[in-house]
Amino acid sequence: MKLNGNSRGSHSAPRHEKPSRARGEDFAPGRDEAAAAGENLTYEPAADGGYEPAPAKRRGSGAKRAAAILGAIAAVIALCVIGYALWEKPPEFGGGGLVQPVTPSAAPAESADPNATPSPTPTEDPNAGAPASHNDHMYTFLVVGFDKVAYHTDTIMLGALDTKEHTIDVFSVPRDTLMNISGGTKKINELVLRGRNSCDSSATEEERMQAGIDRMLDGFTDILGFEVDVYAAVDLDAFVELINAIGGVDYDVPQDMYYWDPAQDLAIELAAGPQHLTGEQAIGVVRYRSGYVTADIGRIETQQDFLKSVADQFLTLGNIPKLGEFIDIFTKYVVTNMDASNLAFFARQFLLCDSEDVVFHGTIPANTNDAIKGLSYCSINVSEWIEVINEYLNPYDQPVTEANLNILTHNFTTGFYSTTGTIAGGIDSFTDFTALRG
């Protein structure tokens, strides 16, 4: 008779009870060999109701699976980054280099005041004939906002983005800036309308709009001495959609803004103070000017403050909300020489900037209180403007000089002065608004 034994003469373990280490020595052959090999022995239920050693598991198999999953995720992310990098594309630089100098005329432009001190004869260009190279990490841009009633560009901003230093510098150009153009009203905000009106009756709306933009770009080349690299002309409806696409913006409205103009279908109703603005409210902020003592200059200050606030919010977030929708609206409704890949490039470059490196400098150097024959004008201070161009905006390896420009300026002491020596249309081409107003 066998006491407490099984058919093989070894002790049996109670059913569903995992043997202890000591008891396992009586029935777990191979344990000693496994222990000697440095392996941990585990058990699993046997067919007879007891337990037997479980097959050894491969060391680290779980860790390897986790590593494989992480590697696959990293590969997908890398492919997305590479794909985005291949898709985003910097725009082409503006062509032509610096504007070739106009041969100075022998005499200065005619003055409206026969007793005024003669203006100096335009200077010759010291860089004449020398080629200029475009900086490969600096992009100049022009952004204008216009209305679809009169096609006046009441918001005008010139700027430069440095993709090496990650800085952005922006200057506003007052809408009343005096331009050396023909016609009775020689203002910069007339350029788009004049270009449109130059088209014949068979031209499509798209052709008219492009003609207006081309005329505007020619005007900015006159006052810069080179072509801007990229431009964007945004109408009021597109601005509203763009702001709504990014979920609106937080802004501290500087003063109460109440204004109604049925002719423009414009109603501005905003109380002063911090608030979250929709696109419809934001357009009121950037268009409002009647309540500022300095009128258009006050509006420019608010426009720049508003855009600075928007930029700070995005840079704090580290992203532009709904960027894809933003780009879709931009490419659909904004007249520009950029495509979606160019916009993605600029968006990424913008997000690489620090908030303090996005600088709005106010207006270009000018007399903002000038007037000619009863109409308000803003006359550029040529020498100071050239300094600004070369310090912040000039993307070429040669300085812009007066000889590269076509600027008409005016003051009550010296009369008119043109960098080319000629007033387009002549001195008598200005409309006399004092006579018209009686």
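The following dialogue asks how named features of this predicted model meet their definitions.

Mentor: The model is predicted, so local features need pLDDT of at least 70 and side-chain atom pairs count only at pLDDT 80 or more, while totals for chains, interfaces and linings use all residues. Residues are numbered from 1 along each chain as its sequence is written, and side-chain values use heavy atoms, with hydrogens and water left out.

Trainee: What makes β15 and β16 a pair of strands?

Mentor: Strands are DSSP runs of E of at least two residues, helices are runs of H or I of at least four, and both are numbered from the N terminus. Two strands pair if DSSP finds at least two bridges between them. Four bridges join β15 (residues 408-411) to β16 (residues 415-418), and the two strands run antiparallel. In this pair His410 stands opposite Phe416. With three residues between them, β15 and β16 form a hairpin.

Trainee: How do you know that β6 and β11 are paired?

Mentor: Strand β6 (residues 230-235) and β11 share two bridges in the antiparallel sense, and the definition asks for at least two. Ala232 stands opposite Thr336 in β11.

Trainee: Why are β11 and β12 called edge strands?

Mentor: The open sheet has six strands in the order β11-β6-β3-β4-β5-β12, with mixed pairing. β11 (335-336) and β12 (358-363) each have a single partner strand, so one side of each is left without a neighbour in the sheet. Strands of a sheet pair through backbone hydrogen bonds, either parallel or antiparallel.

Trainee: Why is Tyr151 called buried?

Mentor: Buried means under 20% relative accessible area, exposed means over 50%, and partly exposed lies in between (1.4 Å probe, protein chains only). Tyr151 has a relative accessible area of 13%, so it is buried. Tyr151 is placed in the loop between β3 (138-146) and β4 (153-162).

Trainee: What is notable about phi of Tyr151?

Mentor: Phi of Tyr151 is near 55°, a positive value in a residue other than glycine. Most residues other than glycine have a negative phi. His166 also has a positive phi, of about 55°, although it is not a glycine. His166 is found in the loop between β4 and β5 (167-172). At 23% relative accessibility, His166 counts as partly exposed.

Trainee: What makes the contact between Tyr396 and His134 one of distant sequence positions?

Mentor: Tyr396 and His134 are 262 residues apart in sequence and 4.5 Å apart in space, C-alpha to C-alpha. Tyr396 lies in the loop between α11 (382-393) and β15. Its relative accessibility of 9% places Tyr396 among buried residues.

Trainee: How do you know that Lys89 and Asp339 form a salt bridge?

Mentor: A salt bridge is a side-chain nitrogen of Lys or Arg within 4 Å of a carboxyl oxygen of Asp or Glu. The side chains of Lys89 and Asp339 meet at 4.0 Å, N to O. The pair links distant parts of the chain, 250 residues apart: Lys89 is in the loop between α3 (61-87) and β3, and Asp339 is in the loop between β11 and α10 (340-351). Lys89 counts as partly exposed at 43%, and Asp339 likewise counts as partly exposed at 33%.

Trainee: What makes Arg196 and Glu205 a salt bridge, and is Arg196 buried or exposed?

Mentor: The closest N and O atoms of Arg196 and Glu205 are 2.9 Å apart, and the definition asks for a distance within 4 Å. Arg196 is buried at 8% relative accessibility, whereas Glu205 is partly exposed at 44%.

Trainee: How are Asp296 and Arg299 placed in helix α8?

Mentor: Asp296 and Arg299 are three residues apart in helix α8 (residues 296-317), and therefore are separated by about one helical turn. Their salt bridge has its closest N and O atoms 2.9 Å apart. Asp296 is buried at 7%, and Arg299 is buried at 5%. Elsewhere, salt bridges that share partners join Asp154, Arg175, Asp176 and Lys187 into one network.

Trainee: How many salt bridges does a search of the whole structure find?

Mentor: The search finds eight salt bridges.
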